[in-house]
Amino acid sequence: MAARSNDAAVRIEGLGMVYPGGVRALAGIDLEVREGEFLAVLGLSGSGKSTLLRCINRLIKPTEGRVFIFGREATALRGAELRALRRQVAMIFQQFNLVKRHTVLANVLSGALGRSALLPSLALTFPAEEQQRALGCLDRVGLGDRAASRADALSGGQQQRVAIARALMQEPQLILADEPVASLDPALRHSVMRHIEVLNRDEGLTVLCSLHDIDLVARYATRLVALRDGRLVWDGTPAEFDRTTFKEIYGEEAEPASNTGL
Amino acid sequence: MAAPTSSAGRGWMQRARILAVDWALIVIAWMMAEFLLLAFTGRRGPTGMLLTAEQILDLVHYWVAAAGGLVLAVGWSLLERVIGASPGRSLTGSVPADEKELPWTQTLRGWFAAVFIELTFFTGWLITELELVTFLTKFGKAADIVRGLAHPSASVLHEGMILLVQTIFLAFMATAFAIPIAFVLSFPSARNLTRGSAPARIGYLVSRTVMNFVRAVEPLVWALIFISWVGIGPFAGVLALWVHSVAALTKLYSEQIESIDPGPMDAITATGASTLQVLRYGVVPQVIPPFLSFTIYRWDINVRMSTIIGFVGGGGIGYILKPRVDLGEWGEVGTLVLLIAATVWVMDILSAKIRERIV
Ligand SMILES: Nc1ncnc2c1ncn2[C@@H]1O[C@H](COP(=O)(O)OP(=O)(O)OP(=O)(O)O)[C@@H](O)[C@H]1O
Ligand SMILES: [Mg+2]
């Protein structure tokens with residue numbers, strides 16, 4: 001672990017993905033994300049954002065190239081080693097992906113599965129200190145009073161905060177967020193993004209987050225990359241991002257929404 | 001950017017599939033046509049009698065049909081440019097877009113389908129020996145039975161009630177024992193959980209094949225097998241319904257697993273959880289309510305089946321029904337049939353009510 005400080009949080013070399021049907025979703029991606037960065041991933045629908053994030057924690061197995069996480073080659077791992085690596089990488093999804101019929105607390109506790117004993121966890125029981133920790137995580141996203149509710153009884157914004165608490169529970173070093181606010185009411189987006197920002201700024205967690213809204217990128221990201229047709233077409237800071245680069249990414253026909261201030 | 005990598009290989013497979021379907025369809029049509037030709041030309045046997053359908057089936061030249069069908073199928077695939085897409089293309093969903101628009105009367109495959117349906121209907125009529133006149137004129141004999149059913153006799157009521165209790169418990173035990181086994185088997189039988197590795201895919205194939213076979217064998221046949229194993233009585237009936245229920249529930253359960261939302265599975269996998277934990281958290285909570293509903297439905301079916309499983313000696317109310325049918329004691333048969341009908345009716349309502357609550 002001593003070598004870690006020299007290593008990038010994520011290093012991607014020549015990454016490519018062809019889905020079984022023959023659709024090429026990624027081609028020749030090279031990318032290095034330093035520890036502590038908040039990297040926004042931009043791109044049109046179908047440009048490969050989800051595929052990229054899912055290749056990093058190996059929810060899908062890329063067909064070409066290599067991914068290193070804190071110096072360990074994720075693309076070479078299998079079985080228990082792969083699961084150990086996944087524990088360091090939490091993921092937040094557009095559709096929250098909570099276990100709807102479980103309680104909020106049980107959902108947060110599921111973040112600890114990677115380090116839990118198998119049999120008790122299959123019986124949905126966790127040690128007292130994990131339960132305390134889960135309650136703490138819930139408090140941090142402002143939902144301490146909803147621990148006993150069923151997950152699907154919560155609003156969308158609240159469910160995504162539960163998902164963030166689940167990610168926190170995992171005690172990760174890296175967070176992958178795939179359009180975490182895209183299915184939320186615009187008014188609620190900041191309430192969720194701020195929690196991710198806190199993890200990045202105060203805990204020093206590296207964040208890779210795909211986003212649609214340029215406003216959000218400007219407000220939260222420290223760095224910005226863009227995908228087009230599975231290729232990396234832009235890499236820079238939000239401040240460098242302007243109308244011309246917007247058209248580069250989204251094509252000549254696209255116009256930034258009026259409220260983006262570009 | 002879509003760049004199919006192995007289009008040549010898959011194109012070849014596709015052609016072979018289309019050809020196989022065409023071949024099968026043309027051969028079947030050919031055989032039916034020959035059958036009808038033989039039947040309608042009034043062929044007579046050595047005794048001078050008209051041939052029966054079974055005798056005609058014996059005369060059909062199956063190998064000629066197979067060979068001729070192959071020639072026609074290959075011919076069609078070669079001439080596709082001229083005479084239009086083949087029926088195999090329709091069934092494999094690969095008809096060119098411009099041909100899809102045409103009304104069926106303007107395509108050869110449309111006419112093929114029409115003729116095929118006609119042939120099937122006429123052949124079926126002859127083979128199953130439908131006789132409309134007999135059906136409409138010979139009602140007299142059956143009237144006895146109907147009269148008996150309408151005047152149930154009280155003499156078997158007591159025995160019937162007791163065996164009815166046995167019938168319901170027989171169905172219950174068969175269902176209860178089937179649940180845990182079907183539950184475990186449904187995971188390796190679900191396509192979406194078994195794509196990952198070669199052993200998983202093999203497990204899927206084995207489990208699916210075995211279960212399809214078990215399900216294809218009727219519970220009455222299973223009852224015969226178990227009667228020679230454990231002897232006549234309700235236990236053989238329980239085993240027969242149990243085996244069939246395991247296969248049926250495995251299919252229903254695994255189809256339910258195949259239709260879950262994969263999102264929670266992804267989320268649990270991403271925490272670093274192991275396979276069993278992913279199943280427990282990402283799959284099981286989503287399938288429990290439908291599983292309960294299917295299980296109650298299955299119990300309902302098993303009650304129905306257990307009423308007739310006694311016909312072959314598998315216990316339950318059917319056991320005393322069979323001899324009374326053979327002896328023509330229609331009054332007693334009437335009592336038993338009414339008991340069965342009442343039970344099935346009550347189970348129907350109960351299971352519908354319970355399932356309504358769950359879903
Ligand atoms: N499971 C899959 N099987 C086959 N093709 C897929 C699969 N998932 C995605 N694709 C294809 O890969 C390409 C990239 O998809 P991806 O989901 O990564 O894009 P995205 O940028 O996340 O889009 P969105 O903004 O809609 O979420 C698309 O062409 C898509 O159709
Ligand atoms: Mg996506």
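Between strand S6 (89-92) and helix H3 (104-109) of chain A runs a loop, and Asn97(A) sits in it. The model is a predicted one, and in it Asn97(A) shows a positive phi of about 55°, even though this residue is not a glycine. Asn97(A) is also tucked away from solvent: its relative accessible area comes to 7%, so it counts as buried.

Another residue with this kind of backbone angle turns up in the loop that links helix H6 (156-169) to strand S7 (174-178) of chain A, and that residue is Glu171(A). Its phi is positive too, at about 50°, and Glu171(A) is not a glycine either. As for its surroundings, Glu171(A) has a relative accessibility of 48% and so falls into the partly exposed class.

Now to the sheet. Strands of a sheet are held in pairs by hydrogen bonds of the backbone, in either a parallel or an antiparallel way. Here, 4 strands of chain A make up an open sheet in the order S2-S1-S4-S5, and the pairing is antiparallel. Strand S2 (24-33) and strand S5 (72-73) of chain A form the edges, each with pairing on one side only. S5(A) is joined to strand S4 (residues 64-69) of chain A by 2 bridges, again in the antiparallel sense. Looking at single residues, Phe68(A) has Glu73(A) in S5(A) as its bridge partner.

Helix H1 (residues 49-56) of chain A packs on this sheet, where it touches strand S1 (10-18), S2 and S4 of chain A. The direction of H1(A) makes an angle of about 120° with that of S1(A).

Technical notes:
Residues are numbered from 1 along each chain as its sequence is written. Chains are lettered from A and ligands numbered from 1 in the order in which they are written. This is a predicted model: local features need pLDDT of at least 70, side-chain atom pairs count only at pLDDT 80 or more; totals for chains, interfaces and linings use all residues. Side-chain values use heavy atoms; hydrogens and water are left out. Two strands pair if DSSP finds at least two bridges between them. Contact means heavy atoms within 4.5 Å. Axes are lines fitted to C-alpha atoms, for helices over the stretch in contact, and angles run from 0 to 180 degrees between N-to-C directions. Buried means under 20% relative accessible area, exposed over 50%, partly exposed in between (1.4 Å probe, protein chains only).
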